[in-house]
Amino acid sequence: MNTYLLAIAVAPAILLMFYVWSKDKSKEPFKMLVILVLLGVLSCIPAGFIEMLLDNIVLSVFGENNYVYFFVKAFFGVALVEEGCKFLFMFLYTRNHKEFNGLFDGMIYAVFVSLGFAAFENVFYVAEYGSQVAISRAFTAVPGHMFFAVFMGYSYSMWHTYRLCDKSEAYFANLHMIKPRPPKYKYKAHLAKAIIVPVLVHGFYDFCLFTENVYLCLFFYVFIAALYIICFGKIKKLSKRDMEDYLLIPRMLCMKYPELIGIIIPREANPLNMPNTFYQNRQTVHK
């Protein structure tokens with residue numbers, strides 16, 4: 001593979017990484033970002049072996065070129081495997097990392113792992129099919145992997161934040177400073193969404209392509225356009241709300257327990273009096 005093809009294969013992933021990185025208010029260490037990309041590359045290895053194994057099983061059970069086969073292959077043989085591997089590599093490395101200390105961090109981690117995966121995968125496609133494929137995949141497959149990661153990263157960030165809120169709530173309850181009341185910080189649900197939602201989106205993406213049905217292929221481009229709008233919107237939205245944990249968690253707790261205002265945050269920093277922010281009302285915080 002010549003240098004030109006290698007460059008156009010990895011360039012889309014690098015540009016998307018840079019865009020998401022630019023939205024992070026408190027930048028992650030460069031070494032950590034490199035490791036995340038490499039983890040994305042490494043996740044291709046188990047994903048590839050599992051996909052080949054499952055494809056043979058699905059093919060033997062459901063036969064070839066029918067909608068059941070395409071459905072099972074898309075959602076379980078590809079989407080669940082790839083998103084599961086990416087999520088596992090990301091989760092094991094970052095879940096207790098000292099740098100995981102901000103609302104936008106989960107988004108960064110998911111996107112960098114996913115685009116590492118996408119860049120490595122893209123190199124093989126471009127090497128085999130040439131620059132024509134590189135151009136089409138630069139607007140579909142590579143951004144597609146980022147879009148799946150946006151859903152993963154958004155929920156992963158929520159898991160991290162709500163988990164800290166839950167731990168902090170238990171801490172203050174043990175000190176008899178508060179009496180726990182609903183709603184609960186359902187952080188486990190966010191962790192489940194971090195894998196379920198990207199699998200569903202990725203599965204539908206692949207199902208449309210596998211079937212080669214004219215109407216599904218046309219709808220595929222509508223779907224991609226919608227993902228561009230939704231996911232870039234999610235990135236911008238979470239970036240605007242970004243705040244480090246030591247500032248975010250006390251404010252979220254004070255939204256639920258106003259009696260903590262003046263104790264864990266100064267009264268002048270009262271989140272109840274901060275309009276047009278992530279903390280404006282309890283419904284927004286607990287959405």
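**A pocket, a core and unpaired cysteines**

The largest pocket in this predicted model has a volume of about 1,100 Å³. Its lining is made up of 34 residues, and E51, E82, E121, Y125 and R137 are the ones that lie nearest the centre of the pocket. Seven helices give two or more residues each to this lining: helix 2, helix 3, helix 4, helix 5 (131-139), helix 6, helix 7 and helix 8. Of these, helix 2 gives the most, with seven residues. Sorted by class, the lining of the largest pocket holds 20 nonpolar residues, eight charged residues and six polar residues.

The next topic is the nonpolar core. The largest one has 63 residues, and M107, L115 and M146 have the most contacts inside it. At least two residues of this core come from each of helix 1 (3-22), helix 2 (30-62), helix 3 (67-94), helix 4 (105-129), helix 6 (141-174), helix 7 (187-211), helix 8 (214-241) and helix 9 (245-256). Helix 6 supplies the largest share, 17 residues. In general, nonpolar side chains of soluble globular proteins tend to be buried together.

M146 can serve as an example of the contacts made. Once neighbours within four places in sequence are set aside, M146 is in contact with L16, V20, V111, S114, L115, F232 and I235. Another core, of seven residues, lies apart from the largest one and includes V58, V72, A74 and F207.

I195 belongs to helix 7. Not counting residues up to four places away in sequence, I195 touches E83, G84 and F87. Between I195 and L227 there are 17 Å in space, C-alpha to C-alpha, for a separation of 32 residues in sequence.

The cysteines remain. The structure holds zero disulfides. C165 is in no disulfide, and the nearest cysteine sulfur, which belongs to C254, is 11 Å away. C165 counts as buried because its relative accessibility is 0%. Why does C217 form no bond with C208? The sulfur of C208 is the closest cysteine sulfur to that of C217, but the two are 7.5 Å apart and therefore too far for a bond; the cut-off for a disulfide is a pair of sulfur atoms within 2.5 Å. Is C217 buried, exposed or partly exposed? With a relative accessible area of 25%, C217 is partly exposed, because that class lies between buried, under 20%, and exposed, over 50%.

How values were computed:
Residues numbered from 1 in each chain as written. Predicted model: local features only at pLDDT ≥ 70, side-chain atom pairs only at ≥ 80, totals over all residues. Heavy atoms only, no water. Core = buried A, V, L, I, M, F, W, Y, C linked by side-chain atoms within 4.5 Å. Buried < 20%, exposed > 50% of the residue type's maximum accessible area, 1.4 Å probe, protein only. Helix = DSSP H or I, 4+ residues; strand = E, 2+ residues; numbered from the N terminus. Contact = heavy atoms within 4.5 Å. 1 Å grid on protein atoms, 1.4 Å probe; cavity = no way out; pocket = protein on both sides within 12 Å on 5 of 7 lines; lining within 4 Å. Points joined across faces, edges and corners; volume = space filled by probe spheres on them. Nonpolar A, V, L, I, M, F, W, Y, C, P; charged D, E, K, R; others polar.
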